[in-house]
Every structure is written in C-alpha cells, then in structure tokens.
Amino acid sequence: MSFLLSLFLQLGSTFFRRLAWSPCGHFITTTHGFQKPRHSAPVLERGEWSATFDFLGHNAPVVVVKFNNSMFRKNFSSGQDIKAVPAGLSNGASKTSTKEQQPYNVIAIGSQDRTITVWTTASARPLFVAKHFFSQSVVDLSW
C-alpha cells in the first residue's frame with residue numbers, strides 16, 4: 001500500500017505541465033504519462049484524441065515537451081539507396097514511404113529526473129540524452 005501511495009504522490013506532484021503541438025498541428029504531445037515502469041510523453045492525434053505512441057524512458061514525471069518549429073527531411077546524394085521506412089508520426093507504424101519523401105519532427109522532453117531527451121519522430125529511440133547537467137527538475141524548454 002505504501003508503494004501505491006508513494007507512486008500517487010510522485011505522479012501527482014508535478015507543478016508544471018507544458019504541452020506542445022507538432023509544427024503541422026496534427027499531433028499534440030502531452031506530459032505526465034506513465035507506462036510501468038517508466039514515465040512517458042504520450043502523443044495524441046487530433047480528431048480521434050487517441051494515443052498514437054509514447055516517448056518512453058524517464059525515471060520521473062515528464063514536465064515539459066517542446067517541438068522544434070521546423071520539419072526536417074533527410075537529404076540523399078544520388079548514389080545512396082532510398083529504402084522504405086515507417087511513414088508519419090508513428091515510431092514504427094505499418095505505413096511505408098521512401099525516406100526521401102518522409103518528413104520528420106524533432107522534440108525535446110524535460111523531466112523531474114533532471115534529464116532532457118531529444119527525439120525524432122522517425123526513430124523509436126532518443127537522439128540525445130542530457131543527464132547530470134541540472135541540479136533540479138527541468139521546468140521549461142525552448143528551441
């Protein structure tokens with residue numbers, strides 16, 4: 001019982017909750033998600049408002065998420081192969097298109113665990129993890 005009370009107090013103690021819309025306006029990333037045993041930043045799709053996927057991996061509640069205002073696209077030289085990859089803001093959905101045609105977003109996530117992770121929507125793993133830079137919880141981010 002004390003574990004549940006401790007978990008409730010930890011989950012309920014987040015002061016700031018800063019959500020972020022994707023640059024295209026079709027997705028919103030929320031804060032304060034939890035998928036046992038990790039905290040996450042769920043992504044909701046406009047219209048259905050169902051969770052498309054989660055940015056998962058923080059050890060304490062996610063407090064702030066911030067999309068970069070630009071959309072990115074990988075450039076290929078003429079000699080490189082273009083292979084099919086998952087399409088959309090999906091981190092592994094079944095739709096496919098070519099990498100050359102597929103834009104992606106970059107998002108930063110700050111947590112009470114004093115960590116910032118930077119993700120692309122084209123990958124299921126973080127691009128960058130910043131630990132040991134802060135002495136207190138991350139409460140805001142800006143690009």
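Visitor: In which loop is P37 found?
Guide: In this predicted model, the peptide bond from K36 to P37 is cis, with omega near 10 degrees. As for its place in the chain, P37 is found in the loop between β3 (33-35) and β4.

Visitor: Which residue in the loop between β2 (27-29) and β3 has a positive phi, and is this residue buried, partly exposed or exposed?
Guide: The residue found in that loop is H32. Phi of H32 is near 70 degrees, a positive value in a residue other than glycine. Because buried requires under 20% relative accessible area and exposed over 50%, the 22% of H32 makes this residue partly exposed.

Visitor: What is the phi of W49, and how accessible is this residue?
Guide: W49 has its place in the loop between β4 and β5. Its phi is positive although the residue is not glycine, with a value near 55 degrees. W49 counts as partly exposed, and its relative accessibility is 44%.

Visitor: How many helices and strands does the protein have, and in what order do they run?
Guide: The secondary structure comes to one helix and 13 strands. Read from the N terminus on, the order is α-β-β-β-β-β-β-β-β-β-β-β-β-β.

Visitor: What share of the contacts with a separation of 6 or more joins residues 24 or more positions apart?
Guide: The protein has 143 residues, of which 37% count as buried. It exposes about 8,900 Å², with carbon and sulfur atoms supplying 54% of that area. Among contacts with a separation of 6 or more, the share from residues 24 or more positions apart is 50%.

Visitor: Which residues make up the largest nonpolar core, and which element gives the most to it?
Guide: In soluble globular proteins, nonpolar side chains tend to be buried together. Here the largest nonpolar core has twelve residues: A20, F27, A41, V43, F53, F55, V62, V65, F67, I107, I109 and W119. Two or more residues come from each of β4 (38-45), β5 (51-58), β6 (62-67) and β11 (106-111). The element that gives the most, with three residues, is β6.

Visitor: How many residues form the second core?
Guide: This core is separate, and its members include V106, I116, A130 and L141. The number of residues in this second core is eight.

Visitor: Which residues does W119 touch, not counting residues up to four places away in sequence?
Guide: W119 is one of the members of the largest nonpolar core. With residues up to four places away in sequence left out, W119 touches F55, L56, N105, V106, I107, I109, A124, R125, P126 and L127.

Visitor: Is I109 buried or exposed, and how far apart in space are I109 and V138?
Guide: I109 has its place in strand β11, and at 0% relative accessibility this residue counts as buried. Beyond four places in sequence, I109 touches A41, F55, H58, V62, V64, V65, T115, I116, T117, W119 and L141. I109 and V138 are 29 residues apart in sequence, and their C-alpha to C-alpha distance is 9.0 Å.

Visitor: What separation in space do the C-alpha atoms of F67 and A20 have?
Guide: F67 lies in strand β6 and counts as buried at 3% relative accessibility. Leaving aside neighbours within four places in sequence, the residues in contact with F67 include A20, W21, S22 and P23. F67 and A20 are 47 residues apart along the chain, and their C-alpha atoms are separated by 6.3 Å.

Visitor: Which side chain of opposite charge is nearest to D113?
Guide: D113 has its place in the loop between β11 and β12 (116-120). Although buried, D113 has no salt bridge. A salt bridge would need the charged atoms within 4 Å, whereas the nearest side chain of opposite charge is 6.7 Å away and belongs to R38.

Visitor: Which side chains make polar contacts with the side chain of D113?
Guide: Leaving aside neighbours within four places in sequence, D113 is in contact with H58, N59 and A60. H58 is in strand β5 and, at 3% relative accessibility, counts as buried. The polar contacts of the D113 side chain include one of 3.1 Å with S111 and one of 3.3 Å with H58.

How values were computed
Residues numbered from 1 in each chain as written. Predicted model: local features only at pLDDT ≥ 70, side-chain atom pairs only at ≥ 80, totals over all residues. Heavy atoms only, no water. Core = buried A, V, L, I, M, F, W, Y, C linked by side-chain atoms within 4.5 Å. Buried < 20%, exposed > 50% of the residue type's maximum accessible area, 1.4 Å probe, protein only. Helix = DSSP H or I, 4+ residues; strand = E, 2+ residues; numbered from the N terminus. Contact = heavy atoms within 4.5 Å. Lys, Arg positive; Asp, Glu negative; His and termini not counted. Polar contact = N/O pair within 3.5 Å; in protein donor to acceptor, adjacent residues only side chain to side chain. Areas by Shrake-Rupley, 256 points an atom, 1.4 Å probe, with all protein chains shown as cover.
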